[in-house]
Amino acid sequence: MRHVIFGGDGFVGRHLAPKLAADGETVVVADIVKSDLPHYRSMRFVTCDVTDPVSVAGVGLRTDDMVYNLSAKMLSPIQVRAKRHDFFFPVNFHGTENIIQAMDKAGASKLVHYTTDMIYGHTVVLPMTEDHPVAPLGEYGLSKLKTEELATEWRKRGMSISLFRPRLIIGPGRLGILEKLFKLIDWNFPVPMIGSGRNPYQFISVFDCAEAARAAWKAGVPNEAYNLGSLNPPPVKKLLGDLIRHAGSKSILLPTPGWAVKRTLDLLDWLNMPIMDPEQYLIADEECVLDVSKAERQLGWVPQYRDEDMLIAAYNEYRAKMDGHAVATRQVPAE
């Protein structure tokens, strides 16, 4: 068996590939770019643009390949409204379609595919299990939901497809919107929260994400969807307060009327001056906590990293970068 990772040079893929190689597996990374990563000395890399069916076919899939689709366009950099569909859909939806069609032609039947928790939209039911209603709030979540619908159709044709819906993925090399937060803290500026800050905020570590993909392969690639998130996420107020104390900052947390902030951000979005994507700020004061017990029951997967530790590690990386210290990670796009 070979493990073929589309988008394998990206954030999760660069951790999954060496995990599989350490298991003694043959790994092929297919991506549009190739970074200077040490594990490429022992595995094959194929240049591939998933938006081009010919390029995907050039990877040369085989019948017994285990396939992973980690290719995606993320919410960073922020796009203006008019450009969002054409930014997200070519890679997120049509790229997935091209990969599945190439698998079909090769007779390959096992796929691990990453979508997002943003397919859920507003919190309707707690706990947020995989059966939560889906109603994406923008083109990113919609592009991912369409790939889940695609997976449903191909499962009927005999494919085994495991779907993962992660919360905000953080880890070495990815700061994204957190960089704005860290600057406020470094400058001792007030840190505004959308709402009171009493709602919990949940991350997922890139290391836990990579392990989930490996667990799905080990479990035989169940035809199921799985939430990915941390355990026991703390309230936003505590999460940010602990970070401010760690940084030795004089910043204070500033609660705001959530509705007023959202309407202001809506106006800026309509004026094509977005500060955040609507899919981020519209749920910022809601209790968006994923129940991840299904992955534990069926895959034996349990997240190992706490939200507090992940956020502080990200801040330490940011500070090292600002101080000019060598950071042995490549920057990758943020969700």
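Helices and strands here are DSSP runs, numbered from the N terminus, and a strand needs at least two residues. The model they are drawn from is predicted.

Start with strand 11, which spans residues 253-256 and holds Thr 256. Thr 256 has a relative accessible area of 18%. The cut-off for buried is under 20%, so Thr 256 counts as buried. Its side chain has a polar partner: a polar atom there lies 2.4 Å from the backbone oxygen of Met 193. Met 193 is also among the contacts of Thr 256 beyond four places in sequence. The others in that set are Pro 192, Ile 194, Gly 195, Ser 196 and Val 261.

Now turn to helix packing. Two packed helices are described by the angle between their axes and the distance between the axes. Helix 11 (residues 307-322) meets helix 7 (residues 236-247), with axes that come within 10 Å and cross at roughly 40 degrees. The pair is therefore oblique. The crossing of helix 7 past helix 11 is right-handed. Helix 7 contributes Lys 238, Leu 239, Leu 240, Asp 242, Leu 243, His 246 and Ala 247 to the contact. Helix 11 answers with Asp 307, Glu 308, Leu 311, Ile 312, Tyr 315 and Asn 316. By class, this contact has seven nonpolar, two polar and four charged residues.

Helix 11 also packs against helix 5 (residues 178-186). Their axes come within 10 Å too, and cross at roughly 70 degrees. Helix 5 and helix 11 are therefore roughly perpendicular. On helix 5, the contact uses Leu 178, Glu 179, Phe 182, Lys 183 and Asp 186. On helix 11, it uses Leu 311, Ala 314, Tyr 315, Tyr 318, Arg 319, Lys 321 and Met 322. Seven of these residues are nonpolar, none is polar and five are charged. Leu 311 and Tyr 315 of helix 11 appear in both contacts.

The loops hold some backbone details. The peptide bond from Ser 76 to Pro 77 is cis, with omega near 5 degrees. Pro 77 sits between strand 4 and helix 3. Another cis bond runs from Leu 126 to Pro 127, with omega near 0 degrees. Pro 127 belongs to the loop between strand 5 and helix 4.

Positive phi values occur as well. Asn 232 is not a glycine, yet its phi is near 50 degrees. It lies in the loop between strand 10 and helix 7. Asn 232 is exposed, at 70% relative accessible area. Asn 272 has a phi of about 60 degrees, in the loop between helix 8 and helix 9. Asn 272 is partly exposed, at 40%.

Terms used: Residues numbered from 1 in each chain as written. Predicted model: local features only at pLDDT ≥ 70, side-chain atom pairs only at ≥ 80, totals over all residues. Heavy atoms only, no water. Axes fitted to C-alpha atoms, helices over the stretch in contact; angles between N-to-C directions. Helix = DSSP H or I, 4+ residues; strand = E, 2+ residues; numbered from the N terminus. Parallel < 35°, antiparallel > 145°, perpendicular 65-115°, else oblique. Left-handed = near helix turned anticlockwise from the far one by under 90°. Contact = heavy atoms within 4.5 Å. Nonpolar A, V, L, I, M, F, W, Y, C, P; charged D, E, K, R; others polar. Buried < 20%, exposed > 50% of the residue type's maximum accessible area, 1.4 Å probe, protein only. Polar contact = N/O pair within 3.5 Å; in protein donor to acceptor, adjacent residues only side chain to side chain.
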